[in-house]
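These are my notebook entries on a single chain, with the sequence and the model side by side.

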Amino acid sequence: GEAVALGVVGGAQVADRVGGDGVAAAEMLAGRPDIDPYRIGVYGVSQGAWLAPIVAARRPATACIVVVSGSGISPAQQMDYTAERALRDAGFGDAAVSRALALRGRVNDYYRSRLPRTTVQDELKAARREPWYSRAYLGDDDLVEDVTQDKWYYEMDYDPLDIWKEVTQPTLFIFPDDDRWVPVATSMAAYRSATATRVTSGAIRPSHSPRV
């Protein structure tokens with residue numbers, strides 16, 4: 001699975017639901033006479049790499065896991081990395097990056113009910129004139145009034161490491177040498193801390209979805 005949101009209806013509940021879909025698909029394959037039910041693994045790319053271990057944990061018969069370009073940090077942290085990367089690639093310096101990330105933090109704090117909507121919305125409108133704004137993944141300046149109706153509310157602080165406590169299958173982690181969407185070194189270190197599985201980084205072309 002690739003780019004499957006974890007919070008369309010409700011955070012961990014959605015992860016469980018989509019993970020359940022993956023389990024159902026594996027069981028369907030296992031019922032086919034031309035497929036060895038003990039040689040079915042799961043393969044996840046990008047956000048799909050968050051869902052692959054959920055399927056494996058819910059289906060112990062899963063033979064193995066392949067994780068490709070899986071972020072080892074929360075969606076909020078990942079998008080901060082992506083925004084900073086986009087800004088620096090466009091030639092913006094420390095001052096612009098600092099302002100953009102600070103504003104992203106303000107938006108996230110609104111979603112966490114720490115700041116009032118009008119305050120953050122006014123800050124977004126003021127910053128919209130800045131040359132870095134369009135590259136900071138801030139969206140428009142009309143914040144949703146009911147954050148519980150926005151999937152970002154549910155997915156932004158999702159911890160992709162916690163599920164690995166329940167995973168026992170052998171796992172291959174594949175990362176490109178460089179990824180504008182995922183902090184490779186940080187994610188590899190995070191997965192090393194969360195699992196006894198060896199994390200590897202091959203000589204793969206710099207792409208978020210490398211073909212193997």
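What should the 18 residues of helix α4 (residues 94-111) span at 1.5 Å a residue, and how far apart are its end C-alpha atoms? I worked on a predicted model. The expected span is 26 Å and the end C-alpha atoms are 26 Å apart, so the two agree.

Entry 1, the sides of α4. I looked up the buried residues of α4 and found Ala 96, Val 97, Ala 100, Leu 103, Arg 104, Val 107, Asn 108, Tyr 110 and Tyr 111. They cover an arc of only 155° around the axis, and therefore lie on the same side of α4. I then turned to the face directed away from that buried side, where I noted the exposed residues Asp 94 and Ala 95. For packing partners of the buried residues of α4, I recorded α3 (75-89), α5 (117-127) and α6 (151-155). Just after α4, I noted a positive phi of about 65° at Ser 113.

Entry 2, Val 147. I located Val 147 in the loop between α5 and α6. Val 147 has a relative accessible area of 9% and counts as buried. Leaving out residues up to four places away in sequence, I found that Val 147 touches Tyr 110, Tyr 111 and Tyr 153. Two of these, Tyr 110 and Tyr 111, are among the buried residues of α4.

Entry 3, Asp 179. I placed Asp 179 in the loop between β3 (171-174) and α7 (184-194). Which side chain of opposite charge is nearest to Asp 179? It is Arg 85, 6.5 Å away; Asp 179 is buried yet has no salt bridge. I did find a polar atom of the Asp 179 side chain 2.8 Å from the backbone nitrogen of Trp 181.

Note on methods: Residues numbered from 1 in each chain as written. Predicted model: local features only at pLDDT ≥ 70, side-chain atom pairs only at ≥ 80, totals over all residues. Heavy atoms only, no water. Helix = DSSP H or I, 4+ residues; strand = E, 2+ residues; numbered from the N terminus. Expected span 1.5 Å × (residues − 1). Buried < 20%, exposed > 50% of the residue type's maximum accessible area, 1.4 Å probe, protein only. Arc of directions from axis to C-beta. Contact = heavy atoms within 4.5 Å. Lys, Arg positive; Asp, Glu negative; His and termini not counted. Salt bridge = Lys/Arg side-chain N within 4 Å of Asp/Glu carboxyl O. Polar contact = N/O pair within 3.5 Å; in protein donor to acceptor, adjacent residues only side chain to side chain.
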